[in-house]
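Subject: Structure for your review

Dear colleague,

I am passing on the structure below, together with notes on what turned up when I went through it. Please read the notes with the structure open beside them.

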Amino acid sequence: GMFDALSLRVLRKGKGIDNVIVLNSVVLCRRFLSWISGKEFEKVILALDNDKAGRKVVMELYRELRRMDVNVGILKYEGKDLNEFLGIINEWRGQKD
């Protein structure tokens with residue numbers, strides 16, 4: 001949810017991510033697809049939770065967005081969500097110092 005969006009901002013700071021949409025639940029995917037229909041984006045990057053439900057929804061959204069001719073990518077990462085991944089990165093950085 002929101003913490004994952006904040007973690008993404010930290011992880012990708014200065015790397016061209018201008019807008020983030022938080023679904024908060026896989027149930028809101030249809031609403032997201034309805035909202036994005038007809039809008040133009042350079043690219044949409046999907047970064048849902050890295051659990052079974054999240055991976056399933058990522059693939060469904062990917063297929064649907066491609067049908068809509070949206071340039072779409074999938075962000076892959078270690079951990080259950082982006083917030084946990086940020087913790088893994090920070091832990092690795094701490095061990096490296």
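In which loop is Asp81 found? Asp81 sits in the loop between β2 and α4 (82–96), where helices (H or I, at least four residues) and strands (E, at least two) are DSSP runs, numbered from the N terminus. I return to this residue below, after some remarks on the model as a whole.

This is a predicted model, in which local features need pLDDT of at least 70 and side-chain atom pairs count only at pLDDT 80 or more, while totals for chains, interfaces and linings use all residues. Residues are numbered from 1 along each chain as its sequence is written, and side-chain values use heavy atoms, with hydrogens and water left out.

Overall picture

The protein has four helices and two strands, which follow one another along the sequence in the pattern α-α-β-α-β-α. Its C-alpha trace spans about 45 × 30 × 20 Å along the principal axes. Of the 97 residues, 27% count as buried, where buried means under 20% relative accessible area, exposed over 50%, and partly exposed in between (1.4 Å probe, protein chains only). Among contacts (heavy atoms within 4.5 Å) between residues at least 6 apart in sequence, 58% join residues at least 24 apart.

The mean pLDDT (the predictor's confidence in each residue, from 0 to 100) is 82 for the protein, and 91% of the residues score at least 70. Among the elements, α3 has the highest mean, 91, and α1 the lowest, 75. Where pLDDT is low, the predicted coordinates should not be read in detail.

The surroundings of Asp81

Asp81 is buried, with a relative accessible area of 10%. The side chain of Asp81 meets that of Lys80 in a salt bridge (3.1 Å, N to O), the term being used for a side-chain nitrogen of Lys or Arg within 4 Å of a carboxyl oxygen of Asp or Glu. In addition, a polar atom of the Asp81 side chain lies 3.2 Å from the backbone nitrogen of Asn83. Once its neighbours within four places in sequence are left aside, Asp81 is in contact with Asp4 and Asp49.

Asp4 leads back to helix α1 (residues 2–11), whose buried residues are Asp4, Ala5, Ser7 and Leu8. These cover an arc of only 160° around the axis (taken from the directions from the helix axis to the C-beta atoms), which puts them on the same side of α1. The face turned away from that buried side carries the exposed residues Met2, Phe3 and Val10.

Salt bridges in α3

Side chains of opposite charge can pair when their charged atoms come close. How many salt bridges does a search of the whole structure find? The search finds three, and besides the one at Asp81 I would point to two in helix α3 (52–67).

Lys56 pairs with Glu60, the closest N and O atoms being 3.8 Å apart, and both residues lie in α3, four residues apart, about one turn of the helix. Lys56 is exposed at a relative accessible area of 55%, whereas Glu60 is partly exposed at 34%.

Glu64 forms a salt bridge with Arg67, with the closest N and O atoms 2.8 Å apart; being three residues apart in α3, Glu64 and Arg67 are separated by about one helical turn. Here Glu64 is partly exposed, with a relative accessible area of 23%, and Arg67 is exposed at 61%.

Nonpolar cores

A nonpolar core is taken as a set of buried Ala, Val, Leu, Ile, Met, Phe, Trp, Tyr and Cys residues joined through side-chain atoms within 4.5 Å. The largest has 14 residues, of which Leu23, Phe32, Val44, Leu46, Leu48, Leu61 and Leu65 touch the most other members. At least two residues of this core come from each of α2 (29–36), β1 (44–46) and α3. Apart from it lies another core, of five residues, among them Leu8, Tyr77, Leu82 and Ile89.

A backbone detail

Finally, Asp69, in the loop between α3 and β2 (72–74), has a phi near 60°, a positive value in a residue other than glycine. Asp69 is exposed, with a relative accessible area of 69%.

With best regards

Key. Polar contact = N/O pair within 3.5 Å; in protein donor to acceptor, adjacent residues only side chain to side chain.
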